[in-house]
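Here are my notes after going through the model you sent over. I have kept them as numbered points so you can reply to each in turn.

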Protein chains: 2
Amino acid sequence: MARLKCIISYDGSLFSGFQIQPKKRTVQGEMEKALTKMHKGTPIRIQASGRTDTGVHSKGQTVHFDSAYDIPTTNWKQALNTLLPGDLYVWEVGIVSDTFHARYDVVEKEYRYYIWNEKEIDVFKRNYAYQFPYTLNVTAMQEACRYLEGEHDFTTFSSAKATTKGSKKRTLYQAVCEQNGNEIVFIFRGSGFLYNMVRIIVGVMLDIGQERRKPSDIVELLAKKDRQMVGETVPPQGLYLVAVKYK
Amino acid sequence: MARLKCIISYDGSLFSGFQIQPKKRTVQGEMEKALTKMHKGTPIRIQASGRTDTGVHSKGQTVHFDSAYDIPTTNWKQALNTLLPGDLYVWEVGIVSDTFHARYDVVEKEYRYYIWNEKEIDVFKRNYAYQFPYTLNVTAMQEACRYLEGEHDFTTFSSAKATTKGSKKRTLYQAVCEQNGNEIVFIFRGSGFLYNMVRIIVGVMLDIGQERRKPSDIVELLAKKDRQMVGETVPPQGLYLVAVKYK
(Lines give C-alpha, C1' and ligand atoms only; values in the text may rest on other atoms or scores of the structure.)
Protein backbone atom coordinates (compact mmCIF):
# COMPACT_ATOMS: atom_id res chain seq x y z
CA MET A 1 0.00 0.00 0.00
CA ALA A 2 1.35 3.43 -0.98
CA ARG A 3 0.03 6.93 -0.35
CA LEU A 4 0.08 9.16 -3.41
CA LYS A 5 -0.11 12.94 -3.60
CA CYS A 6 -1.38 14.62 -6.78
CA ILE A 7 -1.32 18.27 -7.84
CA ILE A 8 -4.31 18.86 -10.08
CA SER A 9 -5.66 21.73 -12.15
CA TYR A 10 -9.24 22.12 -13.25
CA ASP A 11 -11.40 24.53 -15.12
CA GLY A 12 -14.25 24.95 -12.62
CA SER A 13 -16.79 26.12 -15.23
CA LEU A 14 -18.52 22.79 -15.77
CA PHE A 15 -18.05 21.29 -12.29
CA SER A 16 -20.55 21.57 -9.44
CA GLY A 17 -17.58 22.32 -7.20
CA PHE A 18 -14.95 19.99 -5.80
CA GLN A 19 -16.88 17.87 -3.30
CA ILE A 20 -18.65 14.72 -4.47
CA GLN A 21 -22.46 14.96 -4.61
CA PRO A 22 -25.03 12.53 -5.98
CA LYS A 23 -25.96 13.14 -9.63
CA LYS A 24 -23.65 16.16 -9.94
CA ARG A 25 -20.45 16.43 -11.96
CA THR A 26 -17.78 17.22 -9.39
CA VAL A 27 -13.96 17.20 -9.38
CA GLN A 28 -13.83 14.60 -6.61
CA GLY A 29 -16.44 12.50 -8.41
CA GLU A 30 -14.51 12.49 -11.72
CA MET A 31 -11.18 11.83 -9.99
CA GLU A 32 -12.56 8.95 -7.87
CA LYS A 33 -14.29 7.48 -10.93
CA ALA A 34 -10.95 7.42 -12.82
CA LEU A 35 -9.10 5.92 -9.84
CA THR A 36 -11.78 3.30 -9.22
CA LYS A 37 -11.62 2.32 -12.90
CA MET A 38 -7.82 1.98 -12.65
CA HIS A 39 -8.35 -0.24 -9.59
CA LYS A 40 -10.79 -2.51 -11.47
CA GLY A 41 -13.81 -1.44 -9.45
CA THR A 42 -12.26 -1.23 -5.98
CA PRO A 43 -13.51 2.15 -4.71
CA ILE A 44 -10.72 4.69 -4.09
CA ARG A 45 -11.47 7.83 -2.07
CA ILE A 46 -9.42 11.01 -2.28
CA GLN A 47 -8.75 13.68 0.33
CA ALA A 48 -8.14 17.26 -0.84
CA SER A 49 -6.50 20.31 0.71
CA GLY A 50 -10.02 21.75 0.91
CA ARG A 51 -13.13 22.21 -1.20
CA THR A 52 -13.67 24.70 -3.96
CA ASP A 53 -17.10 26.01 -4.95
CA THR A 54 -18.92 25.68 -8.27
CA GLY A 55 -17.14 27.76 -10.93
CA VAL A 56 -13.91 28.19 -8.92
CA HIS A 57 -10.74 27.10 -10.74
CA SER A 58 -7.57 25.36 -9.64
CA LYS A 59 -3.98 25.39 -10.77
CA GLY A 60 -2.61 23.83 -7.59
CA GLN A 61 -5.27 21.82 -5.73
CA THR A 62 -3.61 18.92 -3.94
CA VAL A 63 -5.17 15.56 -3.09
CA HIS A 64 -3.99 12.27 -1.64
CA PHE A 65 -5.19 8.67 -1.87
CA ASP A 66 -3.96 5.18 -1.06
CA SER A 67 -3.35 2.43 -3.58
CA ALA A 68 -2.16 -1.16 -3.49
CA TYR A 69 -0.50 -0.64 -6.89
CA ASP A 70 3.25 -0.37 -7.16
CA ILE A 71 3.78 1.60 -10.37
CA PRO A 72 6.17 4.46 -11.27
CA THR A 73 4.76 7.95 -10.66
CA THR A 74 5.13 8.96 -14.34
CA ASN A 75 2.91 6.01 -15.27
CA TRP A 76 0.38 7.07 -12.61
CA LYS A 77 0.26 10.54 -14.15
CA GLN A 78 -0.22 9.24 -17.68
CA ALA A 79 -2.81 6.63 -16.70
CA LEU A 80 -4.87 9.15 -14.74
CA ASN A 81 -4.76 11.83 -17.43
CA THR A 82 -5.89 9.28 -20.03
CA LEU A 83 -8.97 8.52 -17.92
CA LEU A 84 -9.78 12.07 -16.77
CA PRO A 85 -11.94 14.54 -18.74
CA GLY A 86 -10.32 17.47 -20.60
CA ASP A 87 -11.13 20.03 -17.91
CA LEU A 88 -9.27 18.14 -15.16
CA TYR A 89 -5.53 17.47 -15.38
CA VAL A 90 -2.96 15.90 -13.06
CA TRP A 91 0.30 17.91 -13.11
CA GLU A 92 2.30 15.88 -10.69
CA VAL A 93 2.07 12.55 -8.85
CA GLY A 94 4.43 11.77 -5.96
CA ILE A 95 4.74 9.04 -3.35
CA VAL A 96 4.42 10.46 0.17
CA SER A 97 4.65 9.04 3.68
CA ASP A 98 1.69 7.04 5.02
CA THR A 99 1.00 9.83 7.52
CA PHE A 100 0.77 12.65 4.93
CA HIS A 101 -2.67 14.29 4.81
CA ALA A 102 -3.62 16.70 1.99
CA ARG A 103 -5.86 18.72 4.32
CA TYR A 104 -4.32 18.55 7.79
CA ASP A 105 -0.72 19.10 6.70
CA VAL A 106 -1.30 22.32 4.73
CA VAL A 107 0.98 25.15 5.86
CA GLU A 108 0.10 27.71 3.22
CA LYS A 109 -2.40 28.29 0.42
CA GLU A 110 -2.35 30.81 -2.38
CA TYR A 111 -5.51 32.13 -4.02
CA ARG A 112 -5.76 34.64 -6.85
CA TYR A 113 -8.81 36.58 -7.94
CA TYR A 114 -8.94 38.06 -11.46
CA ILE A 115 -10.95 41.15 -12.40
CA TRP A 116 -11.35 42.16 -16.04
CA ASN A 117 -11.88 45.92 -15.68
CA GLU A 118 -13.36 46.93 -19.01
CA LYS A 119 -16.73 48.27 -20.18
CA GLU A 120 -17.02 45.94 -23.16
CA ILE A 121 -17.73 42.28 -22.41
CA ASP A 122 -15.04 39.81 -23.49
CA VAL A 123 -16.89 36.56 -24.22
CA PHE A 124 -13.64 34.60 -23.80
CA LYS A 125 -13.28 35.74 -20.20
CA ARG A 126 -16.85 35.14 -19.02
CA ASN A 127 -15.90 31.98 -17.09
CA TYR A 128 -12.35 33.04 -16.16
CA ALA A 129 -12.54 36.50 -14.59
CA TYR A 130 -15.07 38.85 -12.99
CA GLN A 131 -15.90 41.44 -15.63
CA PHE A 132 -16.25 44.75 -13.80
CA PRO A 133 -17.07 47.82 -15.91
CA TYR A 134 -16.59 50.68 -13.40
CA THR A 135 -13.42 52.72 -12.81
CA LEU A 136 -11.31 51.46 -9.92
CA ASN A 137 -8.74 53.30 -7.80
CA VAL A 138 -6.04 50.62 -7.79
CA THR A 139 -3.75 52.58 -5.45
CA ALA A 140 -6.50 52.64 -2.81
CA MET A 141 -7.05 48.87 -3.17
CA GLN A 142 -3.30 48.28 -2.88
CA GLU A 143 -3.22 50.32 0.34
CA ALA A 144 -6.24 48.43 1.71
CA CYS A 145 -4.49 45.10 1.06
CA ARG A 146 -1.72 46.03 3.46
CA TYR A 147 -4.23 46.24 6.37
CA LEU A 148 -5.15 42.60 5.76
CA GLU A 149 -1.66 41.18 6.07
CA GLY A 150 -0.70 39.50 9.34
CA GLU A 151 -2.79 37.57 11.88
CA HIS A 152 -6.40 38.66 12.26
CA ASP A 153 -9.80 37.30 13.20
CA PHE A 154 -11.48 37.21 9.77
CA THR A 155 -15.08 36.68 11.01
CA THR A 156 -16.24 39.82 9.12
CA PHE A 157 -14.86 38.30 5.92
CA SER A 158 -16.31 34.81 6.17
CA SER A 159 -19.63 33.45 5.07
CA ALA A 160 -22.38 33.42 7.71
CA LYS A 161 -23.05 29.89 6.37
CA ALA A 162 -19.56 28.77 7.44
CA THR A 163 -19.61 25.62 9.51
CA THR A 164 -16.14 26.19 10.99
CA LYS A 165 -16.56 26.00 14.74
CA GLY A 166 -13.03 26.82 15.86
CA SER A 167 -11.13 30.06 15.80
CA LYS A 168 -11.56 32.41 12.86
CA LYS A 169 -8.04 33.71 13.32
CA ARG A 170 -5.93 33.25 10.21
CA THR A 171 -2.61 34.68 9.06
CA LEU A 172 -2.26 36.34 5.66
CA TYR A 173 1.41 36.26 4.67
CA GLN A 174 0.73 38.29 1.55
CA ALA A 175 -2.22 40.36 0.26
CA VAL A 176 -1.49 42.37 -2.86
CA CYS A 177 -3.28 43.87 -5.83
CA GLU A 178 -1.56 44.11 -9.22
CA GLN A 179 -2.69 45.78 -12.42
CA ASN A 180 -1.64 44.70 -15.92
CA GLY A 181 -3.59 46.75 -18.43
CA ASN A 182 -7.30 45.99 -17.93
CA GLU A 183 -6.55 43.00 -15.74
CA ILE A 184 -6.47 43.45 -11.98
CA VAL A 185 -5.37 40.50 -9.88
CA PHE A 186 -5.54 40.06 -6.12
CA ILE A 187 -3.00 37.63 -4.66
CA PHE A 188 -3.55 36.17 -1.19
CA ARG A 189 -1.16 33.80 0.55
CA GLY A 190 -2.14 32.60 3.98
CA SER A 191 -2.08 29.89 6.62
CA GLY A 192 -5.69 29.07 5.83
CA PHE A 193 -8.85 30.65 4.48
CA LEU A 194 -12.40 30.72 5.86
CA TYR A 195 -15.40 29.86 3.69
CA ASN A 196 -15.84 32.53 0.97
CA MET A 197 -13.11 34.65 2.60
CA VAL A 198 -11.32 35.66 -0.61
CA ARG A 199 -14.56 36.46 -2.43
CA ILE A 200 -15.87 38.59 0.45
CA ILE A 201 -12.53 40.44 0.79
CA VAL A 202 -12.50 41.19 -2.95
CA GLY A 203 -16.07 42.54 -2.69
CA VAL A 204 -14.88 45.04 -0.05
CA MET A 205 -11.83 45.84 -2.18
CA LEU A 206 -14.14 46.80 -5.06
CA ASP A 207 -16.06 49.12 -2.70
CA ILE A 208 -12.72 50.72 -1.79
CA GLY A 209 -11.68 50.85 -5.46
CA GLN A 210 -14.92 52.72 -6.21
CA GLU A 211 -14.17 55.06 -3.29
CA ARG A 212 -17.29 54.09 -1.36
CA ARG A 213 -15.01 53.16 1.55
CA LYS A 214 -11.53 54.21 2.68
CA PRO A 215 -8.60 51.74 2.68
CA SER A 216 -8.26 52.15 6.47
CA ASP A 217 -11.87 50.94 6.94
CA ILE A 218 -10.35 47.45 6.82
CA VAL A 219 -9.03 47.93 10.38
CA GLU A 220 -12.47 48.75 11.74
CA LEU A 221 -14.17 45.99 9.73
CA LEU A 222 -11.77 43.37 11.10
CA ALA A 223 -12.42 44.62 14.66
CA LYS A 224 -16.23 44.39 14.32
CA LYS A 225 -16.17 40.63 13.62
CA ASP A 226 -19.52 40.91 11.86
CA ARG A 227 -20.32 39.59 8.35
CA GLN A 228 -23.24 42.06 8.13
CA MET A 229 -20.77 44.96 7.93
CA VAL A 230 -19.67 44.15 4.40
CA GLY A 231 -21.32 43.73 1.01
CA GLU A 232 -21.75 40.95 -1.48
CA THR A 233 -19.51 38.02 -2.21
CA VAL A 234 -18.03 38.44 -5.70
CA PRO A 235 -18.78 35.67 -8.25
CA PRO A 236 -16.76 32.43 -8.34
CA GLN A 237 -15.35 32.54 -11.88
CA GLY A 238 -12.57 35.01 -10.97
CA LEU A 239 -11.18 32.76 -8.22
CA TYR A 240 -8.21 30.37 -8.62
CA LEU A 241 -6.61 28.11 -6.02
CA VAL A 242 -3.05 28.55 -7.24
CA ALA A 243 -0.84 26.63 -4.82
CA VAL A 244 -0.91 24.55 -1.64
CA LYS A 245 2.25 24.20 0.42
CA TYR A 246 3.11 21.43 2.89
CA LYS A 247 5.74 20.99 5.59
CA MET B 1 -36.69 50.42 -42.98
CA ALA B 2 -32.98 50.59 -42.06
CA ARG B 3 -30.12 48.18 -42.73
CA LEU B 4 -27.92 47.55 -39.68
CA LYS B 5 -24.41 46.14 -39.55
CA CYS B 6 -23.16 44.44 -36.39
CA ILE B 7 -19.67 43.34 -35.39
CA ILE B 8 -20.03 40.36 -33.08
CA SER B 9 -17.71 38.18 -31.03
CA TYR B 10 -18.47 34.67 -29.86
CA ASP B 11 -16.85 31.87 -27.99
CA GLY B 12 -17.44 29.02 -30.43
CA SER B 13 -17.09 26.26 -27.79
CA LEU B 14 -20.79 25.73 -27.15
CA PHE B 15 -22.13 26.60 -30.61
CA SER B 16 -22.72 24.11 -33.42
CA GLY B 17 -21.12 26.64 -35.73
CA PHE B 18 -22.50 29.86 -37.16
CA GLN B 19 -25.19 28.69 -39.59
CA ILE B 20 -28.71 28.02 -38.32
CA GLN B 21 -29.72 24.35 -38.10
CA PRO B 22 -32.82 22.72 -36.65
CA LYS B 23 -32.46 21.69 -32.97
CA LYS B 24 -28.85 22.93 -32.76
CA ARG B 25 -27.53 25.90 -30.82
CA THR B 26 -25.96 28.13 -33.47
CA VAL B 27 -24.74 31.74 -33.54
CA GLN B 28 -27.21 32.65 -36.28
CA GLY B 29 -30.01 30.91 -34.38
CA GLU B 30 -29.33 32.79 -31.12
CA MET B 31 -28.93 36.12 -32.91
CA GLU B 32 -32.13 35.72 -34.94
CA LYS B 33 -34.02 34.61 -31.83
CA ALA B 34 -32.95 37.81 -30.01
CA LEU B 35 -33.84 39.99 -33.01
CA THR B 36 -37.19 38.30 -33.53
CA LYS B 37 -37.98 38.82 -29.83
CA MET B 38 -37.10 42.54 -30.16
CA HIS B 39 -39.43 42.70 -33.18
CA LYS B 40 -42.31 41.13 -31.21
CA GLY B 41 -42.31 37.91 -33.17
CA THR B 42 -41.69 39.26 -36.68
CA PRO B 43 -38.93 36.97 -37.99
CA ILE B 44 -35.65 38.78 -38.70
CA ARG B 45 -32.96 37.02 -40.77
CA ILE B 46 -29.29 37.94 -40.64
CA GLN B 47 -26.59 37.68 -43.31
CA ALA B 48 -22.99 37.11 -42.21
CA SER B 49 -19.59 37.64 -43.85
CA GLY B 50 -19.40 33.86 -43.99
CA ARG B 51 -19.92 30.79 -41.82
CA THR B 52 -17.66 29.52 -39.10
CA ASP B 53 -17.52 25.86 -38.06
CA THR B 54 -18.34 24.30 -34.69
CA GLY B 55 -15.74 25.35 -32.12
CA VAL B 56 -14.34 28.23 -34.19
CA HIS B 57 -14.30 31.62 -32.42
CA SER B 58 -14.95 35.15 -33.57
CA LYS B 59 -13.74 38.55 -32.51
CA GLY B 60 -14.84 40.31 -35.68
CA GLN B 61 -17.63 38.41 -37.45
CA THR B 62 -19.88 40.89 -39.24
CA VAL B 63 -23.59 40.51 -40.00
CA HIS B 64 -26.34 42.67 -41.41
CA PHE B 65 -30.13 42.70 -41.09
CA ASP B 66 -33.06 44.97 -41.88
CA SER B 67 -35.41 46.49 -39.33
CA ALA B 68 -38.42 48.78 -39.39
CA TYR B 69 -37.32 50.22 -36.03
CA ASP B 70 -35.83 53.69 -35.85
CA ILE B 71 -33.72 53.61 -32.69
CA PRO B 72 -30.22 54.94 -31.89
CA THR B 73 -27.39 52.47 -32.52
CA THR B 74 -26.24 52.55 -28.87
CA ASN B 75 -29.74 51.40 -27.83
CA TRP B 76 -29.61 48.64 -30.45
CA LYS B 77 -26.34 47.43 -28.98
CA GLN B 78 -27.65 47.45 -25.42
CA ALA B 79 -30.97 45.82 -26.29
CA LEU B 80 -29.30 43.02 -28.25
CA ASN B 81 -26.68 42.31 -25.61
CA THR B 82 -29.37 42.09 -22.95
CA LEU B 83 -31.16 39.40 -24.97
CA LEU B 84 -28.09 37.47 -26.16
CA PRO B 85 -26.40 34.66 -24.17
CA GLY B 86 -23.06 35.27 -22.40
CA ASP B 87 -20.97 33.64 -25.13
CA LEU B 88 -22.21 35.97 -27.88
CA TYR B 89 -21.62 39.72 -27.74
CA VAL B 90 -22.33 42.62 -30.08
CA TRP B 91 -19.38 45.04 -30.13
CA GLU B 92 -20.71 47.56 -32.57
CA VAL B 93 -23.96 48.42 -34.35
CA GLY B 94 -23.99 50.84 -37.25
CA ILE B 95 -26.52 52.00 -39.83
CA VAL B 96 -25.38 51.18 -43.39
CA SER B 97 -26.72 51.80 -46.88
CA ASP B 98 -29.61 49.61 -48.12
CA THR B 99 -27.25 48.04 -50.64
CA PHE B 100 -24.60 46.93 -48.11
CA HIS B 101 -24.15 43.16 -47.92
CA ALA B 102 -22.11 41.52 -45.14
CA ARG B 103 -20.97 38.72 -47.45
CA TYR B 104 -20.72 40.17 -50.95
CA ASP B 105 -19.01 43.43 -49.92
CA VAL B 106 -16.11 41.88 -48.00
CA VAL B 107 -12.72 43.10 -49.23
CA GLU B 108 -10.52 41.46 -46.61
CA LYS B 109 -10.72 38.95 -43.77
CA GLU B 110 -8.25 38.22 -41.02
CA TYR B 111 -8.00 34.83 -39.32
CA ARG B 112 -5.64 33.82 -36.53
CA TYR B 113 -4.77 30.33 -35.41
CA TYR B 114 -3.34 29.78 -31.91
CA ILE B 115 -1.04 26.90 -30.98
CA TRP B 116 -0.12 26.25 -27.34
CA ASN B 117 3.23 24.52 -27.76
CA GLU B 118 3.78 22.83 -24.42
CA LYS B 119 4.00 19.24 -23.19
CA GLU B 120 1.76 19.74 -20.16
CA ILE B 121 -1.95 20.25 -20.83
CA ASP B 122 -3.41 23.60 -19.78
CA VAL B 123 -7.08 22.94 -18.96
CA PHE B 124 -7.88 26.64 -19.42
CA LYS B 125 -6.75 26.55 -23.05
CA ARG B 126 -8.50 23.34 -24.13
CA ASN B 127 -11.22 25.24 -26.04
CA TYR B 128 -9.10 28.24 -27.05
CA ALA B 129 -5.90 26.92 -28.68
CA TYR B 130 -4.55 23.75 -30.26
CA GLN B 131 -2.29 22.16 -27.64
CA PHE B 132 0.66 20.74 -29.51
CA PRO B 133 3.36 18.99 -27.45
CA TYR B 134 6.17 18.49 -30.00
CA THR B 135 9.11 20.80 -30.69
CA LEU B 136 8.55 23.19 -33.60
CA ASN B 137 11.06 24.98 -35.80
CA VAL B 138 9.41 28.40 -35.83
CA THR B 139 11.93 29.92 -38.26
CA ALA B 140 11.05 27.24 -40.83
CA MET B 141 7.32 27.95 -40.41
CA GLN B 142 7.97 31.69 -40.79
CA GLU B 143 9.86 31.05 -44.02
CA ALA B 144 7.05 28.78 -45.29
CA CYS B 145 4.48 31.52 -44.62
CA ARG B 146 6.23 33.80 -47.11
CA TYR B 147 5.54 31.32 -49.96
CA LEU B 148 1.80 31.64 -49.26
CA GLU B 149 1.59 35.40 -49.63
CA GLY B 150 0.24 36.77 -52.91
CA GLU B 151 -2.31 35.42 -55.38
CA HIS B 152 -2.45 31.63 -55.69
CA ASP B 153 -4.86 28.84 -56.53
CA PHE B 154 -5.42 27.33 -53.06
CA THR B 155 -7.10 24.07 -54.22
CA THR B 156 -4.46 22.00 -52.36
CA PHE B 157 -5.40 23.84 -49.17
CA SER B 158 -9.17 23.60 -49.34
CA SER B 159 -11.52 20.89 -48.14
CA ALA B 160 -12.48 18.27 -50.70
CA LYS B 161 -16.01 18.76 -49.30
CA ALA B 162 -15.98 22.41 -50.43
CA THR B 163 -19.03 23.36 -52.45
CA THR B 164 -17.41 26.43 -54.02
CA LYS B 165 -17.78 26.04 -57.76
CA GLY B 166 -15.89 29.12 -58.94
CA SER B 167 -12.20 29.88 -58.98
CA LYS B 168 -10.04 28.75 -56.07
CA LYS B 169 -7.70 31.66 -56.62
CA ARG B 170 -7.38 33.86 -53.55
CA THR B 171 -4.92 36.55 -52.51
CA LEU B 172 -3.17 36.39 -49.14
CA TYR B 173 -2.03 39.90 -48.22
CA GLN B 174 -0.26 38.65 -45.14
CA ALA B 175 0.77 35.22 -43.81
CA VAL B 176 2.97 35.31 -40.73
CA CYS B 177 3.87 33.18 -37.75
CA GLU B 178 4.72 34.79 -34.40
CA GLN B 179 6.00 33.22 -31.21
CA ASN B 180 5.39 34.58 -27.71
CA GLY B 181 6.76 32.11 -25.18
CA ASN B 182 4.82 28.86 -25.58
CA GLU B 183 2.20 30.52 -27.75
CA ILE B 184 2.56 30.39 -31.52
CA VAL B 185 0.09 32.35 -33.60
CA PHE B 186 -0.47 32.28 -37.34
CA ILE B 187 -1.98 35.44 -38.82
CA PHE B 188 -3.60 35.33 -42.26
CA ARG B 189 -5.11 38.33 -44.01
CA GLY B 190 -6.64 37.74 -47.39
CA SER B 191 -9.23 38.63 -50.00
CA GLY B 192 -11.17 35.52 -49.09
CA PHE B 193 -10.67 32.03 -47.73
CA LEU B 194 -11.76 28.64 -49.04
CA TYR B 195 -13.50 26.09 -46.80
CA ASN B 196 -11.05 24.84 -44.09
CA MET B 197 -8.22 26.72 -45.83
CA VAL B 198 -6.61 28.14 -42.66
CA ARG B 199 -6.85 24.84 -40.78
CA ILE B 200 -5.32 22.87 -43.69
CA ILE B 201 -2.51 25.42 -44.11
CA VAL B 202 -1.70 25.27 -40.39
CA GLY B 203 -1.58 21.46 -40.59
CA VAL B 204 1.10 21.73 -43.30
CA MET B 205 2.91 24.39 -41.25
CA LEU B 206 3.12 21.94 -38.33
CA ASP B 207 4.64 19.33 -40.69
CA ILE B 208 7.21 21.96 -41.70
CA GLY B 209 7.75 22.95 -38.03
CA GLN B 210 8.49 19.29 -37.26
CA GLU B 211 10.88 19.22 -40.25
CA ARG B 212 8.91 16.55 -42.08
CA ARG B 213 8.71 18.95 -45.02
CA LYS B 214 10.79 21.90 -46.25
CA PRO B 215 9.40 25.46 -46.28
CA SER B 216 9.83 25.60 -50.07
CA ASP B 217 7.50 22.56 -50.44
CA ILE B 218 4.68 25.12 -50.30
CA VAL B 219 5.50 26.18 -53.90
CA GLU B 220 5.14 22.64 -55.20
CA LEU B 221 2.03 21.94 -53.11
CA LEU B 222 0.30 25.05 -54.49
CA ALA B 223 1.20 23.97 -58.04
CA LYS B 224 -0.25 20.44 -57.62
CA LYS B 225 -3.79 21.73 -56.87
CA ASP B 226 -4.56 18.48 -55.04
CA ARG B 227 -5.98 18.21 -51.51
CA GLN B 228 -4.60 14.67 -51.27
CA MET B 229 -1.04 16.06 -51.16
CA VAL B 230 -1.39 17.43 -47.63
CA GLY B 231 -2.22 16.05 -44.20
CA GLU B 232 -4.95 16.58 -41.66
CA THR B 233 -6.99 19.66 -40.92
CA VAL B 234 -6.04 20.99 -37.47
CA PRO B 235 -8.84 21.20 -34.86
CA PRO B 236 -11.26 24.16 -34.78
CA GLN B 237 -10.62 25.51 -31.26
CA GLY B 238 -7.41 27.32 -32.27
CA LEU B 239 -9.14 29.33 -35.01
CA TYR B 240 -10.44 32.91 -34.64
CA LEU B 241 -12.11 35.11 -37.24
CA VAL B 242 -10.50 38.37 -36.10
CA ALA B 243 -11.67 41.05 -38.53
CA VAL B 244 -13.72 41.60 -41.68
CA LYS B 245 -13.08 44.67 -43.80
CA TYR B 246 -15.48 46.34 -46.23
CA LYS B 247 -15.06 48.91 -48.99
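1. How far apart are the mean positions of the positive and negative charges of chain A? They sit 6 Å apart, taken over 34 positive and 27 negative charges. Keep in mind throughout that this is a predicted model, so every value here is computed from it.

2. On to the overall build of chain A. You'll count 5 helices and 10 strands in it. The radius of gyration is 19 Å, and this agrees with a compact globule, because a chain of 247 residues would then be expected near 18 Å. Along the principal axes, the C-alpha trace covers about 60 × 40 × 30 Å.

3. Now for packing and surface. In chain A, 54% of the 247 residues count as buried. If you take contacts between residues at least 6 apart in sequence, 70% of them join residues at least 24 apart. The accessible surface of the chain is about 11800 Å², and carbon and sulfur atoms account for 48% of that.

4. The domain record is worth a look. UniProt, in an unreviewed entry, puts "domain: Pseudouridine synthase I TruA alpha/beta" at residues 8–105 and 144–246 of chain A. For the span 8–105, the model gives 23% helix and 26% strand, with the end C-alpha atoms 17 Å apart.

5. Next, the "active site" residue, which the unreviewed UniProt entry places at A:Asp53. A:Asp53 is in the loop that runs between strand 2 (47–48) and strand 3 (57–67) of chain A. Is it buried, exposed or partly exposed? A:Asp53 counts as partly exposed, because its relative accessibility is 24% and the buried class stops under 20%. Beyond its neighbours within four places in sequence, A:Asp53 is in contact with A:Gly17, A:Tyr195, A:Asn196 and A:Arg199.

6. One of those contacts of A:Asp53, A:Asn196, deserves its own point. A:Asn196 has a positive phi of about 65°, although it isn't a glycine. You'll find A:Asn196 in the loop between strand 9 (183–190) and helix 4 (197–209) of chain A. A:Asn196 is buried, at 15% relative accessible area.

7. A:Lys225 makes a handy comparison. A:Lys225 also isn't a glycine and has a positive phi, of about 50°. The loop in question lies between helix 5 (217–224) and strand 10 (239–246) of chain A. With a relative accessible area of 48%, A:Lys225 is partly exposed, whereas A:Asn196 is buried.

8. The "binding site" feature comes from the unreviewed UniProt entry too, and it falls at A:Tyr111. A:Tyr111 belongs to strand 5 (residues 106–116) of chain A. Its relative accessible area is 9%, so A:Tyr111 is buried. Which residues does A:Tyr111 touch, if you skip those up to four places away in sequence? The list has A:Arg51, A:Phe186, A:Ile187, A:Phe188, A:Phe193, A:Val198, A:Leu239, A:Tyr240, A:Leu241 and A:Val242.

9. A quick one on A:Val96, in strand 4 (residues 88–96) of chain A. Setting aside residues up to four places away in sequence, A:Val96 touches A:Arg3, A:Leu4 and A:Lys5. From A:Val96 to A:Gly203, which are 107 residues apart along the chain, the C-alpha separation is 38 Å.

10. Over in chain B, have a look at B:Asp11. B:Asp11 is in the loop between strand 1 (2–10) and helix 1 (27–38) of chain B. At 1% relative accessible area, B:Asp11 is buried. Not counting neighbours within four places in sequence, its contacts are A:Val123, A:Phe124, A:Arg126, B:His57, B:Asp87 and B:Tyr128. B:Asp11 and B:His57 are 46 residues apart in sequence, yet their C-alpha atoms are 5.1 Å apart.

11. Last one, B:Pro72. Where does B:Pro72 sit in chain B? B:Pro72 is in the loop between strand 3 (57–67) and helix 2 (73–83) of that chain. B:Pro72 is partly exposed, with 46% relative accessibility. The C-alpha atoms of B:Pro72 and B:Ile95 are 9.2 Å apart, with the two positions 23 residues apart along the chain.

Technical notes
Residues are numbered from 1 along each chain as its sequence is written. Chains are lettered from A and ligands numbered from 1 in the order in which they are written. This is a predicted model: local features need pLDDT of at least 70, side-chain atom pairs count only at pLDDT 80 or more; totals for chains, interfaces and linings use all residues. Side-chain values use heavy atoms; hydrogens and water are left out. Helices (H or I, at least four residues) and strands (E, at least two) are DSSP runs, numbered from the N terminus. The radius of gyration is taken over C-alpha atoms; the globule rule is 2.2 Å times the number of residues to the power 0.38. Buried means under 20% relative accessible area, exposed over 50%, partly exposed in between (1.4 Å probe, protein chains only). Contact means heavy atoms within 4.5 Å. Accessible areas come from the Shrake-Rupley method with a 1.4 Å probe; for residues, only the protein chains shown count as cover. Lys and Arg count as positive and Asp and Glu as negative; His and the chain ends are not counted. The place of a charge is taken as NZ of Lys, CZ of Arg, CG of Asp or CD of Glu. UniProt positions are given in the numbering used here, feature names are shortened, and annotations may be inferred rather than shown by experiment.
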